[in-house]
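Take a look at the charged pairs first, then at one helix and its two ends. The sequence and structure follow.

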Amino acid sequence: MEEDSPEEFLAEFKEKHLGAWGIVQITAGTGLAVYGMWAGVLMPGFRKVPLRLQVPYLPASKKQVRNVMALLSGRHGNLVDLGSGDGRIVLEAHKHGFGPTVGYELNPWLVRLANFHAWRAGHYGKVSYRQEDLWKVDLTECKNVTVFLAPSVLSLLQEKMEAELPDDALVVAGRFPFTEWTPCRIEGDGVDRAWAYTMQAQRLPAGSAVLPVPKRVEITSLN
(Lines give C-alpha, C1' and ligand atoms only; values in the text may rest on other atoms or scores of the structure.)
Protein backbone atom coordinates (compact mmCIF):
# COMPACT_ATOMS: atom_id res chain seq x y z
CA MET A 1 0.00 0.00 0.00
CA GLU A 2 1.45 3.38 -0.99
CA GLU A 3 1.78 6.04 1.69
CA ASP A 4 0.69 9.62 1.20
CA SER A 5 3.45 12.22 1.21
CA PRO A 6 3.17 15.04 3.79
CA GLU A 7 2.28 17.48 1.02
CA GLU A 8 -0.54 15.22 -0.21
CA PHE A 9 -1.74 14.80 3.36
CA LEU A 10 -1.97 18.56 3.88
CA ALA A 11 -3.58 19.12 0.49
CA GLU A 12 -6.25 16.60 1.35
CA PHE A 13 -7.37 18.77 4.24
CA LYS A 14 -7.68 21.78 1.96
CA GLU A 15 -9.47 20.10 -0.92
CA LYS A 16 -11.56 17.34 0.62
CA HIS A 17 -14.67 17.77 2.73
CA LEU A 18 -13.84 15.76 5.84
CA GLY A 19 -17.28 15.70 7.36
CA ALA A 20 -18.10 15.61 11.04
CA TRP A 21 -16.41 12.26 11.60
CA GLY A 22 -13.18 13.29 9.93
CA ILE A 23 -13.04 16.42 12.06
CA VAL A 24 -13.50 14.36 15.23
CA GLN A 25 -10.60 12.10 14.27
CA ILE A 26 -8.22 14.94 13.52
CA THR A 27 -9.25 16.74 16.70
CA ALA A 28 -8.44 13.60 18.64
CA GLY A 29 -5.11 13.39 16.84
CA THR A 30 -4.13 16.82 18.11
CA GLY A 31 -4.95 15.88 21.66
CA LEU A 32 -7.94 18.22 22.01
CA ALA A 33 -10.68 15.61 22.39
CA VAL A 34 -11.41 13.96 25.72
CA TYR A 35 -12.01 10.31 26.39
CA GLY A 36 -15.75 10.57 26.80
CA MET A 37 -16.21 11.95 23.27
CA TRP A 38 -15.03 8.83 21.53
CA ALA A 39 -14.93 5.93 24.00
CA GLY A 40 -18.11 4.38 22.60
CA VAL A 41 -17.60 5.32 18.95
CA LEU A 42 -16.50 2.94 16.21
CA MET A 43 -13.66 4.61 14.34
CA PRO A 44 -13.00 4.00 10.61
CA GLY A 45 -11.08 0.81 10.04
CA PHE A 46 -12.66 -0.84 13.08
CA ARG A 47 -16.20 -1.25 11.76
CA LYS A 48 -15.48 -4.81 10.65
CA VAL A 49 -13.63 -5.66 13.87
CA PRO A 50 -15.58 -7.37 16.69
CA LEU A 51 -16.55 -4.89 19.41
CA ARG A 52 -14.39 -6.49 22.11
CA LEU A 53 -11.31 -6.14 19.89
CA GLN A 54 -11.79 -2.44 19.14
CA VAL A 55 -9.40 -0.03 20.84
CA PRO A 56 -10.34 3.68 20.97
CA TYR A 57 -7.49 6.06 20.17
CA LEU A 58 -5.84 7.59 23.23
CA PRO A 59 -2.40 9.10 22.55
CA ALA A 60 0.47 8.17 24.86
CA SER A 61 1.69 10.93 27.16
CA LYS A 62 5.32 12.02 27.24
CA LYS A 63 5.74 10.23 30.57
CA GLN A 64 4.32 7.01 29.11
CA VAL A 65 6.69 7.24 26.15
CA ARG A 66 9.63 7.81 28.53
CA ASN A 67 8.67 4.76 30.57
CA VAL A 68 8.48 2.60 27.45
CA MET A 69 11.88 3.79 26.27
CA ALA A 70 13.37 3.20 29.73
CA LEU A 71 12.25 -0.43 29.57
CA LEU A 72 13.76 -0.73 26.10
CA SER A 73 17.12 0.75 27.13
CA GLY A 74 20.02 -1.54 26.30
CA ARG A 75 18.05 -3.18 23.52
CA HIS A 76 18.63 -2.83 19.77
CA GLY A 77 17.36 -4.08 16.45
CA ASN A 78 13.91 -3.81 14.93
CA LEU A 79 10.83 -2.55 16.76
CA VAL A 80 7.15 -3.05 16.00
CA ASP A 81 4.31 -1.07 17.59
CA LEU A 82 0.96 -2.87 17.33
CA GLY A 83 -1.85 -0.34 17.23
CA SER A 84 0.56 2.55 16.70
CA GLY A 85 -1.99 5.41 16.74
CA ASP A 86 -0.32 8.69 15.83
CA GLY A 87 3.09 7.00 15.70
CA ARG A 88 4.87 8.63 18.62
CA ILE A 89 6.30 5.37 20.05
CA VAL A 90 7.70 4.35 16.67
CA LEU A 91 9.18 7.80 16.12
CA GLU A 92 10.81 7.92 19.55
CA ALA A 93 12.23 4.41 19.14
CA HIS A 94 13.84 5.48 15.86
CA LYS A 95 15.42 8.47 17.65
CA HIS A 96 16.90 6.03 20.17
CA GLY A 97 18.58 3.93 17.50
CA PHE A 98 16.09 1.15 16.84
CA GLY A 99 15.63 0.11 13.26
CA PRO A 100 13.71 -0.62 11.28
CA THR A 101 10.81 0.75 13.31
CA VAL A 102 7.30 -0.06 12.08
CA GLY A 103 3.87 0.88 13.36
CA TYR A 104 0.74 -1.09 12.44
CA GLU A 105 -2.52 0.84 12.65
CA LEU A 106 -5.91 0.07 11.13
CA ASN A 107 -7.24 3.63 11.18
CA PRO A 108 -6.22 5.37 7.90
CA TRP A 109 -6.40 8.90 9.36
CA LEU A 110 -4.04 7.97 12.19
CA VAL A 111 -1.59 6.46 9.69
CA ARG A 112 -1.63 9.77 7.79
CA LEU A 113 -1.25 11.70 11.02
CA ALA A 114 1.71 9.54 12.06
CA ASN A 115 3.44 10.20 8.73
CA PHE A 116 2.79 13.92 9.18
CA HIS A 117 4.40 13.85 12.65
CA ALA A 118 7.41 11.99 11.20
CA TRP A 119 7.75 14.59 8.44
CA ARG A 120 7.49 17.47 10.90
CA ALA A 121 10.20 15.87 13.07
CA GLY A 122 12.49 15.43 10.04
CA HIS A 123 12.27 11.64 10.01
CA TYR A 124 9.80 11.03 7.19
CA GLY A 125 10.84 7.95 5.21
CA LYS A 126 13.03 6.70 8.08
CA VAL A 127 10.12 5.17 9.98
CA SER A 128 7.24 3.16 8.59
CA TYR A 129 3.52 3.23 9.36
CA ARG A 130 1.31 0.61 7.75
CA GLN A 131 -2.46 0.41 7.61
CA GLU A 132 -2.71 -3.28 8.39
CA ASP A 133 -4.55 -5.60 10.74
CA LEU A 134 -2.25 -6.41 13.67
CA TRP A 135 -3.64 -9.96 13.78
CA LYS A 136 -2.16 -10.61 10.33
CA VAL A 137 1.30 -9.22 11.14
CA ASP A 138 4.09 -11.83 11.07
CA LEU A 139 5.97 -11.49 14.38
CA THR A 140 8.50 -14.27 13.86
CA GLU A 141 11.40 -11.87 13.18
CA CYS A 142 10.44 -9.16 15.69
CA LYS A 143 12.90 -8.39 18.49
CA ASN A 144 11.06 -5.56 20.26
CA VAL A 145 7.30 -5.14 20.41
CA THR A 146 5.29 -2.36 22.04
CA VAL A 147 1.54 -2.34 22.66
CA PHE A 148 -0.94 0.16 24.13
CA LEU A 149 -4.08 -1.94 23.86
CA ALA A 150 -7.18 -2.84 25.86
CA PRO A 151 -7.20 -5.89 28.20
CA SER A 152 -9.69 -7.74 25.99
CA VAL A 153 -7.23 -7.50 23.11
CA LEU A 154 -4.12 -8.32 25.15
CA SER A 155 -5.54 -11.66 26.31
CA LEU A 156 -5.86 -12.80 22.69
CA LEU A 157 -2.67 -11.12 21.48
CA GLN A 158 -0.76 -13.04 24.14
CA GLU A 159 -1.52 -16.29 22.30
CA LYS A 160 -0.27 -14.88 19.00
CA MET A 161 2.94 -13.60 20.59
CA GLU A 162 3.65 -16.89 22.35
CA ALA A 163 3.22 -18.71 19.05
CA GLU A 164 5.27 -16.37 16.87
CA LEU A 165 7.83 -14.26 18.76
CA PRO A 166 11.41 -15.55 19.15
CA ASP A 167 12.77 -16.28 22.64
CA ASP A 168 14.99 -13.18 22.65
CA ALA A 169 12.09 -10.82 21.96
CA LEU A 170 11.02 -8.20 24.50
CA VAL A 171 7.41 -7.05 24.76
CA VAL A 172 6.53 -3.74 26.42
CA ALA A 173 2.91 -3.05 27.33
CA GLY A 174 1.60 0.38 28.33
CA ARG A 175 -1.47 1.24 30.47
CA PHE A 176 -2.58 -2.39 30.83
CA PRO A 177 -0.42 -5.48 31.54
CA PHE A 178 -0.56 -9.00 30.21
CA THR A 179 -2.30 -10.52 33.22
CA GLU A 180 -1.05 -14.08 32.64
CA TRP A 181 2.58 -13.11 32.08
CA THR A 182 5.24 -12.24 34.64
CA PRO A 183 7.03 -8.95 33.88
CA CYS A 184 10.79 -8.69 34.18
CA ARG A 185 10.56 -4.96 34.89
CA ILE A 186 7.93 -2.32 35.62
CA GLU A 187 8.36 1.40 35.04
CA GLY A 188 6.17 4.26 36.25
CA ASP A 189 2.97 4.48 38.27
CA GLY A 190 -0.76 4.65 37.65
CA VAL A 191 -1.89 5.22 34.07
CA ASP A 192 1.73 5.92 33.05
CA ARG A 193 2.95 2.48 34.11
CA ALA A 194 4.58 0.15 31.58
CA TRP A 195 5.53 -3.52 31.85
CA ALA A 196 8.37 -5.38 30.10
CA TYR A 197 8.23 -9.11 29.34
CA THR A 198 10.91 -11.40 27.95
CA MET A 199 9.46 -14.12 25.75
CA GLN A 200 12.01 -16.61 27.00
CA ALA A 201 10.70 -16.22 30.55
CA GLN A 202 7.09 -16.78 29.49
CA ARG A 203 8.01 -20.11 27.91
CA LEU A 204 10.08 -21.49 30.82
CA PRO A 205 8.57 -23.63 33.58
CA ALA A 206 7.77 -21.78 36.82
CA GLY A 207 10.86 -21.24 38.96
CA SER A 208 13.35 -21.50 36.09
CA ALA A 209 16.16 -18.97 35.91
CA VAL A 210 16.30 -16.45 33.09
CA LEU A 211 18.98 -14.12 31.81
CA PRO A 212 19.04 -10.69 33.54
CA VAL A 213 17.70 -7.69 31.65
CA PRO A 214 19.87 -4.58 31.06
CA LYS A 215 19.92 -1.94 33.78
CA ARG A 216 17.95 1.22 33.31
CA VAL A 217 19.45 4.16 31.40
CA GLU A 218 17.90 7.48 32.38
CA ILE A 219 15.86 9.14 29.62
CA THR A 220 16.05 12.89 30.08
CA SER A 221 14.10 14.40 27.23
CA LEU A 222 11.83 13.83 24.26
CA ASN A 223 12.68 15.92 21.22
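This is a predicted model. The salt-bridge count comes to 6. Three of these pairs are set out below.

| Salt bridge | N to O distance | Accessibility of the acid | Accessibility of the base |
|---|---|---|---|
| Asp-86 with Arg-88 | 2.5 Å | Asp-86, 2% | Arg-88, 32% |
| Asp-168 with Lys-143 | 2.9 Å | Asp-168, 42% | Lys-143, 29% |
| Glu-164 with Lys-160 | 2.9 Å | Glu-164, 24% | Lys-160, 10% |

**Asp-86 and Arg-88**

These two side chains meet at 2.5 Å, N to O. Asp-86 counts as buried, because its relative accessibility of 2% falls under the 20% cut-off. Arg-88 is partly exposed, at 32%.

**Asp-168 and Lys-143**

The closest N and O atoms of Asp-168 and Lys-143 are 2.9 Å apart. This pair links distant parts of the chain, with the two positions 25 residues apart. Asp-168 sits in the loop between helix H7 (151-164) and strand S5 (170-174). Lys-143 sits in the loop between strand S3 (128-130) and strand S4 (144-147). Asp-168 is partly exposed, with a relative accessible area of 42%. Lys-143 is also partly exposed, at 29%.

**Glu-164 and Lys-160**

Here both partners lie in helix H7. They are 4 residues apart, about one turn of the helix. An α-helix has 3.6 residues a turn, so residues three or four places apart point the same way. The Glu-164 and Lys-160 side chains meet at 2.9 Å, N to O. Glu-164 is partly exposed, at 24%, whereas Lys-160 is buried, at 10%.

**Helix H6**

Now turn to H6, which covers residues 108-120. The helix has 13 residues and reaches 19 Å from its first C-alpha to its last. That is close to the 18 Å expected at 1.5 Å a residue.

Why is H6 largely enclosed by the rest of the structure? The reason is that 10 of its 13 residues are buried. Among them are the aromatic-ring residues Trp-109, Phe-116 and His-117. Pro-108, Leu-110, Val-111 and Leu-113 are also buried, as are Ala-114, Asn-115 and Ala-118.

What caps the N-terminal end of H6? Asn-107 does, with a side-chain oxygen 2.9 Å from the backbone nitrogen of Trp-109. Trp-109 is itself one of the buried residues of H6. Just after the helix, Gly-122 takes a positive phi of about 80°.

Conventions. Residues are numbered from 1 along each chain as its sequence is written. This is a predicted model: local features need pLDDT of at least 70, side-chain atom pairs count only at pLDDT 80 or more; totals for chains, interfaces and linings use all residues. Side-chain values use heavy atoms; hydrogens and water are left out. A salt bridge is a side-chain nitrogen of Lys or Arg within 4 Å of a carboxyl oxygen of Asp or Glu. Buried means under 20% relative accessible area, exposed over 50%, partly exposed in between (1.4 Å probe, protein chains only). The expected span of a helix is 1.5 Å times one less than its number of residues. A polar contact is a pair of N or O atoms within 3.5 Å; within protein, one must be able to donate a hydrogen and the other to accept it, and residues adjacent in sequence count only if both atoms are side-chain atoms.
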